[in-house]
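Trainee: I should like to learn how to read the features of a protein model. May we work through one together?

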Amino acid sequence: MSDKTYENIKIERDGAVTTVMLNRPEKRNAMSPGLHYDMEDALTWLARDEATRVLILTGAGEAWCAGQDLKLYFRETANNPDERARSNTSSHHWRWELLSRFPKPTVAMVNGYCFGGAFTQLCAVDFVITAEDAIYGLSEVNWGIIPGGIVSWNLTDMMLPRHALYYAATGEPFDGKRAVELGLANFAYPKESLHEETMKFAQKLLKLNPSVLRYTKDAVKAVRGMTAEQARDYLGAKQDALARHDKEIADKVGMKQFLDDKTYRPGLGPYQSKT
Ligand code: ACO
């Protein structure tokens, strides 16, 4: 089956790595209702697409995403409560529910501007690799709203409270290097090597057993709101579930390759997974 095509986003494949690109470069990839509907459809489809093992989220042109489209998302739905409600639900659905629970690893490749509402998808993905000179900002305060949707929650969840309040209250822009210092991004690279470094990272993820990776990311995210006792119980049950779900894990292939075959060092890299 050929890939789906959309008006506001573009899908590209490189082997098992699928890139979803917000594709409104002339509007700095601001999120219109149409873009939200496209993203909702694409992520629902790609979550079940067997050819996709790593998902990269990026933007066409100079921007990663300039936040919600002030004209199409805010102004033009102001007198249309049905459309406002539909696009608001869709916006939350893909940026948070679908992305933060996506069953394969997700990587934001932040190529440029990232503002306001874009912080929700920035925080929903598993990993962020940014251009050093990408510009980030909680610009809501500059035009008269608070960081809404769940952006304020995303900020305090991902950053130290002092930093979250500082950037939300001042709207001061910062660059990709600062995003790493703030804990919003994993790595910053010069723009010229951003794509190459992101693909290198994706290849690293592809070497891992996909079930272990999925259960690990679910587990690390889930335990944050738990007590130590709840986490211990949950993680024990989760490990049992992983072994039931994946035969390689049940057969302890990794342990065998280290102890019997002596083909790798678990401390230095992954075992040879066949999945
Ligand atoms: N909503 C609607 N249109 C937008 C948005 C946006 N968020 N961002 C950019 N555009 C449009 C501009 O209106 C302009 O359209 P036009 O060509 O029809 O005039 C076009 O995209 C290009 O924008 P420029 O401002 O000309 O581009 P420039 O490269 O100089 O600046 C920048 C880019 C810094 C991103 C600037 O456009 C900007 O500040 N955008 C708003 C960012 C923002 O505050 N986002 C909202 C956050 S709040 C929220 O998401 C809830």
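**Reading the model, feature by feature**

Mentor: Let us begin with contacts, where contact means heavy atoms within 4.5 Å. Leaving out residues up to four places away in sequence, cysteine 65 touches Leu22, Arg28, Asn29, Met31, Tyr113, Cys114, Phe115, Ala118 and Gln121. Please note that this is a predicted model, in which local features need pLDDT of at least 70 and side-chain atom pairs count only at pLDDT 80 or more, while totals for chains, interfaces and linings use all residues. Residues are numbered from 1 along each chain as its sequence is written, and side-chain values use heavy atoms, with hydrogens and water left out.

Trainee: Where is cysteine 65 found, and is cysteine 65 buried or exposed?

Mentor: Helices (H or I, at least four residues) and strands (E, at least two) are DSSP runs, numbered from the N terminus. Cysteine 65 belongs to strand E4, residues 63-65. As for burial, buried means under 20% relative accessible area, exposed means over 50%, and partly exposed lies in between, with a 1.4 Å probe and protein chains only. Cysteine 65 has a relative accessible area of 0%, and therefore it is buried. The chain also brings in a partner from further along: the C-alpha atoms of cysteine 65 and tyrosine 136 are 9.7 Å apart, with their positions 71 residues apart along the chain.

Trainee: Which residues have the most contacts inside the largest nonpolar core?

Mentor: A nonpolar core is a set of buried Ala, Val, Leu, Ile, Met, Phe, Trp, Tyr and Cys residues joined through side-chain atoms within 4.5 Å. Here the largest one has 59 residues, and Phe119 and Tyr136 have the most contacts inside it. A second, separate core has five residues, among them Tyr215, Leu242, Ile249 and Tyr271.

Trainee: How should I read the surroundings of the ligand, and how many residues surround it?

Mentor: A residue is near a molecule if one of its heavy atoms lies within 4 Å of it. In this model 19 residues surround the ligand, and the closest are Lys27, Ala66, Gln68, Gly117 and Ser139. To sort them by type, Ala, Val, Leu, Ile, Met, Phe, Trp, Tyr, Cys and Pro count as nonpolar, Asp, Glu, Lys and Arg as charged, and the others, Gly among them, as polar. The shell around the ligand then divides into eight nonpolar, five polar and six charged residues. Helix H2 (70-74), strand E6 (113-115) and helix H5 (140-143) each supply at least two residues of this shell.

Trainee: Which side chains have a polar atom close to an oxygen atom of the ligand?

Mentor: A polar contact is a pair of N or O atoms within 3.5 Å; within protein, one must be able to donate a hydrogen and the other to accept it, and residues adjacent in sequence count only if both atoms are side-chain atoms. An N or O atom in the side chain of serine 139 is 2.6 Å from a ligand oxygen. For a polar side-chain atom of arginine 28, the distance to an oxygen atom of the ligand is 3.0 Å. Glutamate 26 takes part through a polar backbone atom, 3.4 Å from an oxygen atom of the ligand. Accessible areas come from the Shrake-Rupley method with a 1.4 Å probe, and for residues only the protein chains shown count as cover. On its own the ligand has 920 Å² of accessible area, and the protein covers 61% of it.

Trainee: What joins the side chains of aspartate 49 and threonine 52?

Mentor: They are joined by a polar contact of 2.5 Å. Aspartate 49 sits in the loop between helix H1 (33-47) and strand E3 (54-59). Its relative accessibility is 14%, so aspartate 49 counts as buried. Beyond residues up to four places away in sequence, aspartate 49 touches Arg13 and Lys104.

Trainee: What is notable about the phi of lysine 252?

Mentor: Lysine 252 has a positive phi of about 50° although it is not a glycine. This residue is in the loop between helix H12 (247-250) and helix H13 (253-259). Lysine 252 counts as partly exposed because its relative accessibility is 48%. Lysine 262 also has a positive phi, near 55°, and lies in the segment after H13. With 60% relative accessibility, lysine 262 counts as exposed.
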